[in-house]
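Please look through the sequence and the model below before reading on. The report that follows describes how helices and strands are arranged and where their side chains meet.

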Amino acid sequence: MRALIISVDLGNPDFVAHAEEFAMLASGAGAEIVGTVTSRRDRPDAKFFIGSGKVQEAVATAGALLADIVLFDQPLSPAQQRNLEREFNLRVVDRVALILDIFALRAKSHEGKLQVELAQLQHLVTRLTRMWTHLERQRGGIGMRGPGESQLEMDRRMIGAKVKMLRERLDRVERQRVTQRRARARGGALSVSLVGYTNAGKSTLFNALTRAGAYAADQLFATLDTTTRRIWIEGTGSVVLSDTVGFIRDLPPNLIAAFRATLEETIHADVLLHVVDAASPQRDEQIAEVNKVLNEIGAGSIPTILVHNKIDRAGLEPRIERDARGTIARVFVSATERAGLEALRGAIAEIGQIVGNNASNYQTIQSE
């Protein structure tokens with residue numbers, strides 16, 4: 001599908017990185033990017049997000065490039081989306097909808113599909129107003145006398161019923177996870193979760209540590225489904241390692257809520273391995289974004305090791321860095337080259353012992 005991207009600079013210092021990331025999202029969704037229109041504004045326009053003059057420029061560009069769809073690198077209000085679609089006479093997809101679409105494409109497990117469908121429906125229900133103007137006539141006839149029910153009201157009621165059903169199913173999944181966690185806790189296994197920005201190499205590192213063969217690729221949100229394996233690490237014994245969904249800038253709140261059951265693996269972990277792309281120029285911003293989401297889901301106080309991955313691309317050597325107290329703060333590894341993995345296993349064992357012996361006195365390591 002031929003896509004025109006509209007990127008809006010609202011004065012964000014990392015606008016270029018944000019725009020490049022959105023282009024990666026578009027490509028990952030299967031779009032053929034035929035052009036980009038950039039706009040700089042102090043604040044969004046209430047009607048179009050971008051000004052009316054820029055809209056006309058973008059409409060002309062979309063026509064000249066034979067674009068099939070317009071991808072907007074900002075969350076749009078329902079009214080802004082409708083107004084833009086009228087002007088372009090094309091489908092307009094904002095950042096939130098594009099991320100949801102990618103999640104729907106990548107979800108493989110039953111649980112993952114339920115989570116994505118719930119998030120999509122929650123996003124859709126806010127955008128039903130005036131979408132079905134040709135169907136808003138009141139229904140009449142035998143058995144339907146009186147005020148009746150508009151198509152819009154029926155759509156909302158049907159979506160509400162589907163959302164309720166999906167939440168009930170996900171609640172059952174969450175209860176199953178609680179049972180599994182209790183069984184692991186009785187076994188005395190240390191629980192370790194891999195977290196990090198999308199495409200930081202979490203799944204590749206997970207495979208290197210566990211030889212699990214989980215799907216990994218150089219793309220955003222290559223895998224969404226939590227994978228858990230039990231491994232043995234000398235010095236701490238049995239460890240349950242979980243690979244979780246990656247985070248990204250402006251992760252839709254509905255998606256965080258829908259993936260609550262999956263993220264429970266993070267909340268209840270004994271130790272987090274915060275995987276960082278050491279070669280990324282936006283490394284510090286990505287670390288901050290992940291820390292923000294961890295705080296939002298209640299995992300901000302869990303003992304954490306920063307794992308700088310992809311050091312082969314950054315020209316760095318495997319090593320361990322400690323803070324002023326002598327506690328392990330960072331481990332530098334290359335999952336693809338399998339460099340520094342023994343040091344990482346040793347770091348897990350060391351912090352596992354600290355957590356096991358005196359977890360209450362252990363302070364979560366934050367990035368400097």
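Which strands does helix H7 lie across, and at about what angle does helix H7 run to S7? Helix H7 (residues 202-210) lies across strand S5 (190-196), S6, strand S7 (237-243), strand S8 (271-277) and S9, and runs at about 155° to S7.

This is a predicted model, in which local features need pLDDT of at least 70 and side-chain atom pairs count only at pLDDT 80 or more, while totals for chains, interfaces and linings use all residues. Residues are numbered from 1 along each chain as its sequence is written, and side-chain values use heavy atoms, with hydrogens and water left out.

Some terms are needed for what follows. Helices (H or I, at least four residues) and strands (E, at least two) are DSSP runs numbered from the N terminus, and two strands pair if DSSP finds at least two bridges between them. Axes are lines fitted to C-alpha atoms, for helices over the stretch in contact, and angles run from 0 to 180 degrees between N-to-C directions; contact means heavy atoms within 4.5 Å.

**The two sheets**

The strands crossed by H7 belong to an open sheet of 7 strands, in the order S6-S7-S5-S8-S9-S11-S10, with mixed pairing. Strand S6 (227-233) and strand S10 (319-322) stand at its edges with a single partner strand each, so one side of each has no neighbour in the sheet. Within this sheet, strand S9 (residues 304-309) and strand S11 (residues 328-332) run parallel and are joined by 3 bridges, and Val 307 has Val 331 in S11 as its bridge partner. Helix H10 (residues 283-296) lies across S5, S8 and S9, running at about 150° to S8.

Another open sheet has 4 strands in the order S2-S1-S3-S4, and its pairing is parallel. Here S2 and strand S4 (91-94) are the edge strands, each with a single partner strand, so one side of each is left without a neighbour in the sheet. Strand S1 (residues 2-9) is joined to S2 by 8 bridges, and the bridge partner of Leu 4 in S2 is Gly 35. H2 packs on this sheet, touching S1 and S2, and its direction makes about 165° with that of S2.

**Helix H4 and its partners**

The table sets out the packing of H4 with two helices.

| Helix pair | Angle | Axis distance |
|---|---|---|
| H1 (residues 15-28) and H4 (residues 95-106) | about 40° | 10 Å |
| H4 and H5 (residues 110-125) | about 155° | 9 Å |

H4 is roughly antiparallel to H5, whereas H1 and H4 are oblique to each other; angles under 35 degrees count as roughly parallel, over 145 as roughly antiparallel, 65 to 115 as roughly perpendicular and the rest as oblique. In H1, the residues that meet H4 include Phe 22 and Leu 25, and those in H4 that meet H1 include Leu 98 and Ile 102. The contact of H4 with H5 is made by residues including Leu 100 and Phe 103 of H4 and Val 116 and Ala 119 of H5.

**An aromatic pair**

The structure holds 1 aromatic pair. The ring centres of Phe 49 and Phe 72 are 5.5 Å apart and their planes stand at 75°, so the pair is edge-to-face; rings of Phe, Tyr and Trp (its six-membered ring) pair if their centres lie within 6.5 Å, and planes under 30 degrees apart count as stacked, over 60 as edge-to-face and the rest as tilted. Phe 49 lies in the loop between strand S2 (32-40) and helix H2 (52-64) and Phe 72 in strand S3 (residues 69-72), so the pair ties together parts that are 23 residues apart in sequence.
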